[in-house]
Amino acid sequence: MLGVWLFTLSLVLVSAVGWLGIAPKIEPLSDQPWPWWVLILLFVVGKHIRVVLATTRSQPVTLVMTDAALVVALLLAEPRVIPIGIATAAFSSALLKRPKLIKAAFNIAQELAGGFLGLVTFEILRDGSLVSARSGIAALAGGIAVGVFSHQAVAAVTRLAGGTSQRAPMRSLLLSSLGSIGNGVVALQAVYLGSISPVLTIIPALLLLVLIVGYRSVSTQQQSTDRTNLLFKTTSALHENENIDEGLLTVLEEVRQSLRSEFAQLVLLTPDGAVT
């Protein structure tokens, strides 16, 4: 647990140096930045639009719309507003879910660090025009950088906490990256079409709806696959072991790993209800 705290503190330090020391020197791209409260509201809403792709034996992949909010903020907000929006969204999520202190601290720290990485990526790649291919690609790259960083940070802290010793699975990383790209494309469409006419934002809104439905369909399919895989492995374990006790131990281990639990316990009851 000490390693997790040290890792979290290192992210806090990087975030503080970046957002307090470097970000204030960066000029906004837009000549007329959006009001700060609109961007903060956008981050909060994006934080609570989420789909969890359940994957057994590894950390679940969570697709959220905060990277879409970041893409909009990179194009239309003052840089100093971005960390406020990220932190507010993270705090609102923590208040609803009531996670452990270390988990809440890590989530806020890694999101702030990832947001600063996205800002740096955007600043390196963009030009001086809001509506341009280069600035659009730069904003999209910033959103992708946030998604990749978040995925790797979660994998790292899982190893430090005593979880899986393997690297972040490439399949999960690919899903996370594709989710960031999809979210970023919707955000870019909203910004650029909205600059032509606010009515045109209906188009990315419909695309966002299709995207969310698609995410949930993938999540449902993944859950079905996970259940089928677990059933196959537990059934095979019972049939392949001649000793029923060894078979049950194998089943317990399969269930523990699939549910990402620290331990699993099996309670057997006699016909009269007594514990054996």
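Modeller: Let's start with a cut-off: a residue counts as buried when its relative accessible area is under 20%. Keep in mind, too, that this is a predicted model.

Biologist: Happy to. Why is Phe116 called buried?

Modeller: Phe116 has a relative accessible area of 11%, and the limit is under 20%, so the label buried follows.

Biologist: And what makes Trp19 buried?

Modeller: The reasoning runs the same way: Trp19 has a relative accessible area of 8%, and buried means under 20%.

Biologist: How many aromatic pairs does the model hold?

Modeller: The count comes to 2 aromatic pairs. One of them joins Trp19 and Phe116, with ring centres 5.8 Å apart and planes at 70 degrees.

Biologist: Why is that a pair, and why edge-to-face?

Modeller: Ring centres have to lie within 6.5 Å, and planes over 60 degrees apart count as edge-to-face. With 5.8 Å between centres and 70 degrees between planes, Trp19 and Phe116 pass both tests, so the pair is edge-to-face.

Biologist: Which parts of the chain does this pair tie together?

Modeller: Trp19 lies in helix H1 (residues 2-22) and Phe116 in helix H5 (residues 101-125), so the parts tied together are 97 residues apart in sequence.

Biologist: On to charges, then. How many salt bridges are there?

Modeller: There are 3 salt bridges.

Biologist: What makes the contact of Lys47 and Glu111 a salt bridge?

Modeller: A side-chain nitrogen of Lys or Arg has to be within 4 Å of a carboxyl oxygen of Asp or Glu. Between the side chains of Lys47 and Glu111 the distance is 2.3 Å, N to O, so the rule is met. This pair links distant parts of the chain: Lys47 is in helix H2, Glu111 is in helix H5, and their positions lie 64 residues apart in sequence.

Biologist: Are Lys47 and Glu111 buried or exposed?

Modeller: Lys47 is buried at 9% relative accessible area. Glu111, at 15%, counts as buried as well, because the limit is under 20%.

Biologist: How do you know that Glu78 and Arg80 meet in a salt bridge?

Modeller: Their N to O distance is 3.2 Å, which falls within 4 Å as the rule asks. Glu78 is partly exposed, with a relative accessible area of 28%, whereas Arg80 is exposed at 54%. Exposed means over 50%, and partly exposed is the range between under 20% and over 50%.

Biologist: Where does that leave Arg126 and Glu123?

Modeller: Arg126 forms a salt bridge with Glu123, the closest N and O atoms being 3.0 Å apart. Arg126 counts as buried at 17% relative accessibility, while Glu123 is partly exposed at 25%.

Biologist: Which residues line the largest cavity?

Modeller: Arg126 and Glu123 are among them, together with others including Pro28, Ala73, Leu119 and Phe122. The elements that give two or more residues to this lining are H3 and H5, and the largest share, 3 residues, comes from H5.

Biologist: What volume does the largest cavity have, and how many cavities are there?

Modeller: The volume is about 50 Å³, and the search of the whole structure finds 2 cavities of 30 Å³ or more.

Biologist: What about the second largest pocket: what is its volume?

Modeller: The second largest pocket has a volume of about 460 Å³. It is lined by 24 residues, and the closest to its centre are Trp34, Leu42, Val72, Ala187 and Ala190. Helix H2 (36-48), helix H3 (66-76), H7 and H8 each give two or more residues to this lining, with H7 giving the most, 6 residues.

Biologist: Which residues form the nonpolar patch on the surface?

Modeller: Leu174, Leu178, Ile181, Val185, Leu207 and Val210 form the patch, with about 490 Å² of accessible area together. Helix H7 (170-196) and helix H8 (202-240) are the elements that give two or more residues, and H7 gives the most, with 4.

Biologist: Why is Val210 called exposed?

Modeller: Val210, which lies in helix H8, has a relative accessible area of 57%, and exposed means over 50%, so the word fits.

Biologist: One last check: why does Ile84 count as partly exposed?

Modeller: Ile84 lies in helix H4 (residues 81-97) and has a relative accessible area of 44%. Since exposed needs over 50% and buried needs under 20%, Ile84 is partly exposed.

Technical notes:
Residues numbered from 1 in each chain as written. Predicted model: local features only at pLDDT ≥ 70, side-chain atom pairs only at ≥ 80, totals over all residues. Heavy atoms only, no water. Patch = residues over 30% accessible without salt bridge, like charges linked within 9 Å, V, L, I, M, F, W, Y side chains within 5 Å. Areas by Shrake-Rupley, 256 points an atom, 1.4 Å probe, with all protein chains shown as cover. Buried < 20%, exposed > 50% of the residue type's maximum accessible area, 1.4 Å probe, protein only. Phe/Tyr/Trp six-rings, centres within 6.5 Å; stacked < 30°, edge-to-face > 60°. 1 Å grid on protein atoms, 1.4 Å probe; cavity = no way out; pocket = protein on both sides within 12 Å on 5 of 7 lines; lining within 4 Å. Points joined across faces, edges and corners; volume = space filled by probe spheres on them.
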